[in-house]
Each structure stands twice: as C-alpha cells, then as structure tokens.
Amino acid sequence: MPHRTVIIYTDGACSGNPGPGGWGSVLMYRGHRREMSGGDASTTNNRMEMMAVIQALEALKRTCNITIHTDSTYVMKGMTEWLAQWKQRDWKTAAKKPVKNVELWQRLEKAIAPHNVKWKWVKGHSGVPENERADELARLAIPL
C-alpha cells in the first residue's frame, strides 16, 4: 500500500452549457501545494468537472492514497455507482442510450486505476478554501 497521501480538490465551470468552460484542481501533499487549470472553447460543465479530476490524477507520478473532494455528484456517482453497470452494458445507460462522455469516463478510470481513492462530496460555494480556489481556477481558465 502506498505511503503517499494526496488530497485533491476539483471543480469545473462553464459559461453557458454547452459553451466555453474551465477546470481547476488543487493538489496537496506533505505541505506542498500544486494548482492546475485548463479550459475548452466548447464544452459542458460535466466535462470540465471530469477534466479537473483526470488532469489532477494524470499529474501524479507514483501510486498514492488519494482523497478527491468534488462538488460534482455526476463525477462521484459515475465513478462509485454507475461505472461498473455502464461497462456491463457495453457503455449504455439503463435506458439503453449511449453513456455521455464515454471517452472521459474511460480516461478517468485508467487514471484512477493505480491509486487507492476515496471520494468526498463537498457542497459547492460553502467556504471550503481549497474548493473555492479550485472554482476560482476553473473560472479563470474559461476561454474568452
């Protein structure tokens, strides 16, 4: 089991949905802090929420114990409740429709695989400093 413990806060933002969007991540490890962000000229809020987690995980070079704080029930439930069933149904929803953002779900699943991950839901805009910072990073990354 890895000894490294990383705390990650993520958020996504969109100006219009779909529209231009941004994502932000704050990674914390042993007193060190790394902030990351990026944007897309045409995207959705859910895609930006996913990208915040994907980019944070892909930035890690070693296997870690990770706690991911997100205000996105879509990302959290997707990974903890829905993913296994989507895969069993060949990436179809219970209503037999194609799962949206399948390439990002697959990328997220690959990025998370080497790690021991716990998910924590955070109420958005509730004063948690790192979550507020992830939100600010996401908003600042929205292409004009």
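Okay, let's start with a puzzle: is Arg 30 buried or exposed? Arg 30 counts as exposed, because its relative accessibility is 67%, and the cut-off for exposed is over 50%. Before I go on, please keep in mind that this is a predicted model.

So, where are we on the chain? Arg 30 sits in the loop between strands E2 and E3. And there's something else about this residue: its phi is positive, about 45°, although Arg 30 is not a glycine.

Now hold that thought, and jump along to Trp 91. Here too phi is positive, near 60°, in a residue other than glycine. Trp 91 is in a loop as well, the one between H2 and helix H3, which covers 102-112. Buried or exposed, what would you say for Trp 91? Trp 91 counts as buried, because its relative accessibility is 15% and buried means under 20%.

While we're in that loop, meet Val 99. Val 99 also has its place between H2 and H3, and at 8% relative accessibility it counts as buried. What does Val 99 touch, once you leave aside its neighbours within four places in sequence? The contacts are Trp 86, Trp 91, Lys 92, Thr 93 and Trp 105. So Trp 91, the residue with the positive phi, is in contact with Val 99. If you like distances, try Val 99 and Arg 89: they are 10 residues apart in sequence, and their C-alpha atoms are 9.9 Å apart in space.

One more backbone detail, back towards the start of the chain. A cis peptide bond joins Asn 17 and Pro 18, with omega at about 10°. You'll find Pro 18 in the loop between E2 and strand E1, residues 5-14.

Right, on to charges. Side chains of opposite charge can pair when their charged atoms come close. How many salt bridges does a search of the whole structure find? The search finds 8, and I'll walk you through a few.

Take Arg 47 and Glu 103. Their closest N and O atoms are 2.7 Å apart, and the two form a salt bridge. Arg 47 lies in helix H1, residues 45-58, and Glu 103 in helix H3, so this pair ties together parts that are 56 residues apart in sequence. Both ends are partly exposed: Arg 47 has a relative accessible area of 24%, and Glu 103 is at 39%.

Next up, Glu 109 and Lys 87, whose side chains meet in a salt bridge at 2.4 Å, N to O. This pair links distant parts of the chain too, with Glu 109 in helix H3 and Lys 87 in helix H2, 22 residues apart. Glu 109 is partly exposed at 22%, and Lys 87 counts as partly exposed at 40%.

The third pair stays inside one helix. Arg 139 and Asp 135 both lie in helix H4, residues 129-140, and they are 4 residues apart, about one turn of the helix. Their closest N and O atoms are 3.2 Å apart. Asp 135 is buried, with a relative accessible area of 9%, while Arg 139 counts as partly exposed at 46%. There's also a network: salt bridges that share partners join Arg 33, Glu 35, Glu 130, Arg 133 and Glu 136.

Now for a charged residue that has no partner. Asp 71 is buried yet has no salt bridge. Which side chain of opposite charge is nearest to Asp 71? The nearest is Arg 139, 7.8 Å away; a salt bridge would need a nitrogen within 4 Å of a carboxyl oxygen, so Asp 71 and Arg 139 don't make one. Asp 71 is in the loop between strand E4, 65-70, and helix H2, 73-88. Setting aside neighbours within four places, its contacts include Thr 10, Glu 49, Trp 121 and Asn 131.

Last stop, empty space. The largest pocket holds about 240 Å³. Its lining has 13 residues, and Val 6, Leu 27, Tyr 29, Ala 59 and Leu 60 lie nearest the centre. Sorted by type, the lining has 7 nonpolar residues, 1 polar and 5 charged. Strands E2, 19-29, and E3, 32-43, each supply at least two of the lining residues. And the loop between E2 and E3 is where Arg 30 sits, so we end close to our opening puzzle: Arg 30 is exposed, at 67%.

Key. Residues numbered from 1 in each chain as written. Predicted model: local features only at pLDDT ≥ 70, side-chain atom pairs only at ≥ 80, totals over all residues. Heavy atoms only, no water. 1 Å grid on protein atoms, 1.4 Å probe; cavity = no way out; pocket = protein on both sides within 12 Å on 5 of 7 lines; lining within 4 Å. Points joined across faces, edges and corners; volume = space filled by probe spheres on them. Nonpolar A, V, L, I, M, F, W, Y, C, P; charged D, E, K, R; others polar. Buried < 20%, exposed > 50% of the residue type's maximum accessible area, 1.4 Å probe, protein only. Lys, Arg positive; Asp, Glu negative; His and termini not counted. Contact = heavy atoms within 4.5 Å.
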